[in-house]
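Please examine the sequence and the structure shown here. The report that follows concerns selected helices and strands.

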Amino acid sequence: MCDKDMQKLTSVRTTRCQNPLIPHCISWKVDQLRERIVKHLENMLAREPKSAVLHDWFQANVYALRDRILEQFIKTQQAQHDQNCRRVYYMSMEYLMGRLLRDNLNNCQLYKLNENALIELGLKFEAIEEQESDMGLGNGGLGRLAACIMDALSTHNYPAVGYGIHYEFGMFRQEIQDFRQKELADNWLLYGNPWQIMRSENTQTIPIYGHVETRTDASGKVRNIWVNYSTLRGVPWDIPVVGYGAQTVNFLRLWESRASEEFNLDHFNQGNFLEAVESKAESETISRVLYPNDASDAGKKLRLVQQYFFASCSLKDIIRRHFNGNNTWDNFADKVCIQLNDTHPTIAIVEFMRILIDEQQFEWEKAWEISSRVFNYTNHTLLPEALEKWSVRLFEYVLPRHLQIIYEINGHFLKMVEKQWPGDVEKLRSLSIIEEGGERFIRMAYLAVVGSESVNGVAAMHSQLVKTSLFPEFVPLFENKFKNVTNGVTPRRWINSANPRLAELLNKTIGEQWILELDDLKKLEPYANDLEFRNEFARIKIQNKNSLASYIKKRCGISLDVSAIFDSQIKRIHEYKRQHLKLMHILYLYQRILEKPSLEIPKRVFIFAGKSAPGYIMAKTIIHAINLVADYINNDSRIQDRIKVVFIPNYDVSSAMKIIPATDLSEQISTAGTEASGTSNMKFAMNGALTIGTLDGANVEILEQVKERNMFIFGHTAPQLAQLAKSGYSPEAFYHHDEDLKKVLDWMMGDTFGEPHGFNPLKRIAENLLYEGDRFFILADFQKYIAAQNLVSDTYENSELWYSMAILNVANMGKFSSDRTVKDYAENIWNLRQIQVT
């Protein structure tokens, strides 16, 4: 150990919480933690320090920290149980948790102490941290939002449980081969997950398939009985969720599917070895992968079974937990609040009704009274095709009893519709949960609206469009149901852990309260004009850019100039997010440099990251095009490295934590009226990136806080696009009237970017935009986007102005904390109170 390390070590022998806002904090000494790590290495992993590899040390480090976390977890559960409190149960198909070690150490106020304990053991924290896999439990903004909400719930002492699926392989691991996305298994559990705890004693058994028979019971009442069904078992795994200060530790409960009959010995003894485990293999497929490709009937069935499996297991567990401290259904809705994170868990409404009616023998009216007070629904999309619909035929095969209950829910609901609009058959047809015409489908979003006590959007603009565009005919029936809760992100993860250099500057300048009260960032405003602070802020940005450049060099083999504008668009690949508009801007610049080699523009590094759904051909074509163009530009000596294009494969939370702090320009360019909220816009802005974006999603509210002079807003508004579509939008008209656009599209459709086998992804994109409708108005917004990008270049050349704008972005991000989001939910939807844990 060097003298510098020893000096640093002796200055942090004991960690105690110094923040007065935190009433409880773990206190430890370096030698205690060091000894615990070694003890777990030997006793849990059967390794001696001399033979241990880095992954062994990582696991031992987690187990040592987990000991103290679980002590507080037990206290949390006991305090909540003793007060028989109301809890929120958050149901989400995904949780994009990322890695937990750094975050949990920070939240426990143990990061520095842990770092020093590792130094004593001859180890570096960064090397240990790299041994942790990102948890394969989510994909995009939906899952990351769920993770941020769980963090805020624990931090602010709200009693909560998150329910989801224990995916074995996550979504997929993305590689780029021949410029194309290739999907490989994301075997994130290959070496285990030391954070998780199996709770086999709480295994649930659920019915599936079979058919329904009508029978008369002993009292003479006719009942529908589900018979000849198969069963699945759901085994729960718990992951503790540590709040900042480690006072409250809630948890995620994730269900792993297993067969009710693991092994058929008769088949095995007869030599039918594969048949002996066939049921096991089929059942365990349910929790193998997040969002299986639903292009086939088998894929659709698997998705429906997944959703039902997770919803049913969770409901049974919630009921078990309720009757652990209560002996009646009368107060169930007072003690239980279930939040449906998008439409995926909506089947829970039907399953709960089935349990109440079939298993608990409730009459319909009483069952519906309880159920309709328990559920709340968050909508996350305005795209009609993204609102799930299941064929009646599939439902009848997989969940025959549930289909009957859906028909009955629909029947009761349509009586309301008939009462509101007597004799209006068209209104009945348009509002029915069952979509008629050709094959019949169940509209799950309609079911969620009808069966929930509250329906909320996730940004002010989105919530308004939910009422006016998505569910306008439901509003007269359920006016008070519709609410707004603007999304937020946790500053614990997205500043304190992701950007420790900036966090240290904030602590030194305004104190540490911002970690719990993000509005405190407002105190930074005067420093936007402080030369010393601005220079330190700029120095940190350059350091972060150097770190990212090293990462990209190692990962992608591309060298970057950190004086360039780091221009990032990192998110799920989708046409409405308009990565191809960004690509067209790159081609526009490429053309200009080739036409005028002396052109003076700031250097740019264009950074893309994101996955396409496996069955989404156009999104995969966009990935193909980006990587093909990157190869051309990065190897073209004529442009003298003035622009570089990087596509970072396998985008996840860990790579986002490297990209976001280093970014200068945040691309939030979705078509106005399509993005529900967006959260990367918030993460970038609170890390000092300026936003170029449309008036879409939460951009609108960021603009209100940051002001237009500190953003680059462009493009048609949602009402303008609606009018343009109504009057007959013609992409070809824009093509013929905009010389710059025409040159770019002609270049895309030419032979420059063709491949030996003949496929040109740029040509396919251009033809789609010109001749297939340009559904997301790329061509309509192109010229406005170019003008905004030219303003970006001009502004960047004035570094004093740029960094002043960046500081003001950070200073005005207080509204966009998930702490505020959770408080809004708790006060306006959940009626949830905080429970202090000692």
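The sections below treat the model, one helix, one hairpin and one sheet in turn.

## Basis of the report

This is a predicted model, in which local features need pLDDT of at least 70, side-chain atom pairs count only at pLDDT 80 or more, and totals for chains, interfaces and linings use all residues. Residues are numbered from 1 along each chain as its sequence is written, and side-chain values use heavy atoms, with hydrogens and water left out.

Helices (H or I, at least four residues) and strands (E, at least two) are DSSP runs, numbered from the N terminus.

## Helix α3

Helix α3 covers residues 54-82; at 1.5 Å a residue, its 29 residues should span 42 Å (1.5 Å times one less than the number of residues). Its end C-alpha atoms are 42 Å apart, which agrees.

A kink of about 25° is centred on Arg 66; the bend at a residue is the angle between axes fitted to the seven residues ending there and the seven starting there. Of the 29 residues in α3, 21 are buried (under 20% relative accessible area, 1.4 Å probe, protein chains only).

## The β5-β6 hairpin

Strands β5 (residues 173-177) and β6 (residues 180-184) run antiparallel and are joined by five bridges; two strands pair if DSSP finds at least two bridges between them. Arg 173 stands opposite Leu 184. Two residues separate the strands of this hairpin, and Asp 178 in the turn has a positive phi of about 55°.

## The open sheet

Six strands form an open sheet in the order β22-β21-β20-β23-β24-β25, with parallel pairing. Its edge strands are β22 (643-648) and β25 (712-713).

How values were computed
Buried means under 20% relative accessible area, exposed over 50%, partly exposed in between (1.4 Å probe, protein chains only).
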